[in-house]
Amino acid sequence: MRAKSIFRLRVEPIDLDATLGCGQAFRWRRDPDGSWTGVVGHSILRLSASRGGLTVDPIAASPCAKKDLSTYLRVSDDIASVQRSLGRDGVLSRGILQVSGLRLVKMDEWECLISYVLATYANIPRIKAMIDSVATAFGDEILDGVHAFPNINDLREASTEDLNRCGLGYRAVYLRSICEVLEPRGLDRMKRLSYADLRDELKELSGVGDKVADCVALFGFGRLEAFPIDVWMKRALSRLYGVTGSYAKLSEFARLRFGCFAGYAQEYMFYNERSLATAGRCIFSEE
DNA sequence: GCCCAGGAGTGTG
DNA sequence: CACACTCATGGG
């Protein structure tokens with residue numbers, strides 16, 4: 001830990017409410033003043049919007065906090081280029097301009113894998129609770145009861161009783177199996193794989209099916225062509241494009257329609273679908 | 001109490 | 001390939 005000093009991060013455009021509150025990342029909370037506090041690596045960071053980027057208050061910062069956050073928020077993504085590409089789609093074209101500050105996040109691969117295995121068949125508040133519970137039980141304490149996400153060895157050593165206290169339900173078995181089967185450098189090795197091979201290898205892990213594999217490919221490995229399809233996305237695809245069917249069919253549709261930035265298209269649509277459900281707002285036109 | 005959840009695994013037709 | 005069923009549990 002270094003001395004705490006506020007720093008700035010140049011990133012534009014960015015909308016913290018959309019990016020951190022849309023349900024792609026689970027370790028953030030919105031403060032009453034509109035700033036967001038969360039855990040990235042071994043840092044606790046409080047982010048607030050300021051001209052040209054963010055002001056970051058490192059409540060507890062590891063030496064590489066700024067670099068970690070830059071990676072996490074995908075600062076080097078050319079959002080204008082993404083929007084130009086996706087904007088050719090008649091359905092997305094107007095809506096995406098209204099949430100141009102919605103950025104994909106790039107999580108640690110391991111944290112992403114476990115987070116999305118825990119996320120199966122649970123709502124977002126519960127997912128956050130499960131992840132907090134696992135971090136508190138098994139991760140390094142950073143400061144004042146806030147813990148880093150546990151690494152594979154932390155979870156391997158977890159006792160059954162401690163794990164059962166985390167309220168994971170049947171997901172605990174998946175978590176156990178993954179710790180047992182995955183080689184220590186297994187995820188590092190997967191970084192070199194093509195998207196198709198990455199998906200196939202991830203799906204060999206128990207608790208990882210089509211959807212979780214795509215989430216890990218997108219939010220963990222940064223494969224922007226991945227297009228995770230959950231119940232919200234099925235609804236969105238049905239309503240906006242009139243397409244229904246199996247995962248393979250919807251996936252093929254998305255790949256052809258959105259191409260190499262399908263992941264961003266997915267996040268815009270996911271954001272829209274949930275804000276539609278919670279606030280009754282639809283920012284996309286229907287064909 | 002009821003409904004549903006950023007599904008996966010397994011079995012069957 | 002598609003579908004049906006089960007799985008354990010808590011937030012809204």
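Me: Which domains does the assignment give for chain A, and where do their bounds come from?
Reply: Chain A is divided into domain 1 (7-76), domain 2 (90-105 + 225-287) and domain 3 (109-220), with bounds taken from an automatic or database domain assignment. This is a predicted model, in which local features need pLDDT of at least 70 and side-chain atom pairs count only at pLDDT 80 or more, while totals for chains, interfaces and linings use all residues. Residues are numbered from 1 along each chain as its sequence is written, chains are lettered from A and ligands numbered from 1 in the order in which they are written, and side-chain values use heavy atoms, leaving out hydrogens and water.

Me: How many residues from domain 1 and domain 3 does the contact take, and what is the area buried between the two?
Reply: The C-alpha centres of domain 1 and domain 3 lie 22 Å apart, and the contact (heavy atoms within 4.5 Å) takes 13 residues from domain 1 and 18 residues from domain 3. The buried area, meaning accessible area (1.4 Å probe) lost when the two parts are put together and summed over both, is about 1,300 Å², with carbon and sulfur atoms giving 63%. On the domain 1 side, Phe-26, Arg-27 and His-42 lose the most area to domain 3, together 55% of what that side buries.

Me: What surrounds DNA strand B, and what makes a residue count as near the strand?
Reply: A residue is near a strand if one of its heavy atoms lies within 4 Å of it; 30 residues surround DNA strand B, the closest being Gly-23, Ala-122, Asn-123, Ile-124 and Gln-266. Sugar and phosphate account for 58% of the atoms of DNA strand B that come within 4 Å of the protein.

Me: Why can the pair formed by a base nitrogen of DNA strand B and Gly-23 be called a polar contact?
Reply: A polar contact is a pair of N or O atoms within 3.5 Å, and the base nitrogen is 2.5 Å from a polar backbone atom of Gly-23, so the pair qualifies. A sugar or linking oxygen of DNA strand B is 2.5 Å from a polar backbone atom of Ala-122, and a phosphate oxygen is 3.0 Å from a polar backbone atom of Gly-209.

Me: Which parts of DNA strand C lie at polar contact distance from Arg-126, Tyr-170 and Ser-246?
Reply: A base oxygen of DNA strand C is 2.5 Å from an N or O atom in the side chain of Arg-126, a sugar or linking oxygen is 3.2 Å from a polar backbone atom of Tyr-170, and a phosphate oxygen is 3.2 Å from an N or O atom in the side chain of Ser-246. Of the atoms of DNA strand C within 4 Å of the protein, 62% belong to sugar or phosphate and the rest to bases.

Terms used. Polar contact = N/O pair within 3.5 Å; in protein donor to acceptor, adjacent residues only side chain to side chain.
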